[in-house]
Each structure stands twice: as C-alpha cells, then as structure tokens.
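User: I'm new to this one and would like to learn how to read it. Could you walk me through it step by step?

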Amino acid sequence: MKKFTAFICTVLLCAAIVYADSFSSNRFQLMSRIYTEKAEKAYENGQYDLSIEYTKKAEEYAEQSRAYIQKMLERADADKQIRTAMNLIARARAVKADESSPDIFTAGLNATEQAKEIYTQEDYIASSAKAKEAQDILRQLNLEENPKQPVIAQGDEITFPKYYVVRPWLSDKDCLWNISERPYVYADPWQWKKLYDANKSMFPDPDNPNLIIKDMILEIPPLANEKREGTFDPTKEYASIQR
C-alpha cells in the first residue's frame, strides 16, 4: 500500500511540475524537482516511507511554486495596466489635454499614482484595478492619435518611440536582444542590458531577463540624447539610430 501511495503521489507531483514549467523556473520549482528525484530514488531502492516523506516535501514546494507563478502573472498584468495608463498620460500631455481638461487629467494622473503606490505594496490585483480605473478616466479625454502627425521628424529633430509593446516570440521573435537590435530602438543587440535595467522592476521575475511576455510594455531609455515619445506603432515608419 505504501509503495502504491508513493508512486501515485510522485506521478501527481510530476504533473504539477509540468504545469509550473510552462511559465518559468523558480526556486520553489527547483526544490520540488530535487525532492521529486529523491522520492523516485527512494522508491526504486524500496525505501517507501522515505519516498513518501520526500514526496510530501516536493508537493509543498510545488504548491509554493504555483502560488509564486500566480503572483507573477498578477504582477505582469498590473505592470501592463500601469504602463497603459502612463502612455495615456503622455498622450494627453502631447495634445495639451492637461490644459484643456485639467480636472479629468488630474483625476487620471492621481489614480495612476495610486496604482503605482499599491504596486509597491505587492497588491497587484488592486494595483491593476486602480490602473484600469485611471485608464477609464483618461479615455474621457478622447485621446486619439492623429495618423497624419509625423513621428519621425519635427524640423531637423528625429523622434524615436519611447515605449515598446512586447509581441509573441513565435511571430516576432521578441526578446531583449532582438528588440535592442531594432533600428528604432538601439540598432545594437548588445544594448539589451540597458532595456533590462530600465524595466526589470516590472518583470514577472526581476532576476530573469529572459522572461518577457506578450503585451508587456517596455520603456526605451535614450541611448544618447535622442528624443523619444509615444509607443512604437508597427504601421508607422521610423528613422534608424545612427551608430
């Protein structure tokens, strides 16, 4: 009976680990794998009580991994919603809506700042909700981009995008290395760390620069003194950074 119980627990645990690995490796998942391997070896050696003990430990870590992944998903959503609100604020300022409708603009700005403050307290669900509230307020300003507005040059000045929305790996091969190589970003893949340092606080796992997910909004800090504003629009044509 102990032999059968240990085997079933190990099988169930392996299924849980596969689920966790679909998002990202983390320290809890690593420990779960270690104890799963220990449980399997103990089982093979006929140490069934020890196998059950290791399996229970592995299950505990697997549960912690699931909680961690959920927290990181919530964080990624809050990051997306805050970035969207910030982009709306930048757009409002660009069309001087902060002057023409100061009450609405200030309400949206304050809600965004509240969302950022809640974010620092790691209440990501509440932060996301507050950021969405800010978006709803700011959209009352009827902020629509003028398709005829130049995004490349203003007189002799060249303008580059300030934000970039991450697209799927399968279709666009988006990663920090490839994004940095884009001509309107840095035209240099080796500048990926500049993107990482500017945005890692918003990453699902701040210690993992490889973990960027679809719809994350990355801020592109200037490489030198180039002017950057707005969000990258794939339908528009941008100049290339000169190196």
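User: How much surface does the chain expose, and what share do carbon and sulfur atoms supply?

Analyst: Accessible area here comes from the Shrake-Rupley method with a 1.4 Å probe, and for residues only the protein chains shown count as cover. The chain exposes about 13800 Å², and carbon and sulfur atoms supply 52% of it. Keep in mind that this is a predicted model: local features need pLDDT of at least 70, side-chain atom pairs count only at pLDDT 80 or more, and totals for chains, interfaces and linings use all residues. Residues are numbered from 1 along each chain as its sequence is written, and side-chain values use heavy atoms, with hydrogens and water left out.

User: What share of the residues is buried?

Analyst: Buried means under 20% relative accessible area, exposed means over 50%, and partly exposed is in between (1.4 Å probe, protein chains only). Of the 243 residues in the chain, 40% are buried.

User: How many helices and strands are there?

Analyst: Both are DSSP runs numbered from the N terminus: helices are H or I with at least four residues, strands are E with at least two. This chain has 9 helices and 5 strands. Along the sequence the pattern reads α-α-α-α-α-α-β-β-β-α-α-α-β-β.

User: How do I read a single helix, say α5?

Analyst: Start with its span; the expected value is 1.5 Å times one less than its number of residues. Helix α5 covers residues 102-120, and its 19 residues reach 27 Å from first C-alpha to last, close to the expected 27 Å. Next, look at which residues are hidden: Phe 105, Gly 108, Ala 111, Thr 112, Ala 115, Ile 118 and Tyr 119 are buried in α5. They lie on the same side of α5 because they cover an arc of only 150° around the axis (the arc is that of the directions from the helix axis to the C-beta atoms). Asp 103 and Thr 120 are exposed on the face turned away from that buried side.

User: Which helices do the buried residues of α5 pack against?

Analyst: Contact means heavy atoms within 4.5 Å. The buried residues of α5 pack against α3 (48-94), α4 (97-100) and α6 (124-138). After α5 comes Glu 122, with a positive phi near 65°.

User: What is a nonpolar core, and which residues have the most contacts inside the largest one?

Analyst: In soluble globular proteins, nonpolar side chains tend to be buried together. A nonpolar core is a set of buried Ala, Val, Leu, Ile, Met, Phe, Trp, Tyr and Cys residues joined through side-chain atoms within 4.5 Å. The largest here has 16 residues, and Leu 176, Ile 179, Val 185, Leu 195, Phe 203, Ile 212 and Leu 218 have the most contacts inside it. Helices α8 and α9 each supply at least two residues of this core. A second, separate core of 10 residues includes Phe 28, Tyr 35, Tyr 54 and Tyr 61.

User: Is Asp 174 buried or exposed?

Analyst: Asp 174 counts as buried because its relative accessibility is 5%. Asp 174 sits in the loop between α7 (169-172) and α8 (176-181). A polar contact is a pair of N or O atoms within 3.5 Å; within protein, one must be able to donate a hydrogen and the other to accept it, and residues adjacent in sequence count only if both atoms are side-chain atoms. The side chain of Asp 174 makes one with the side chain of Arg 182 at 2.8 Å, and also reaches the backbone nitrogen of Arg 167 at 2.6 Å.
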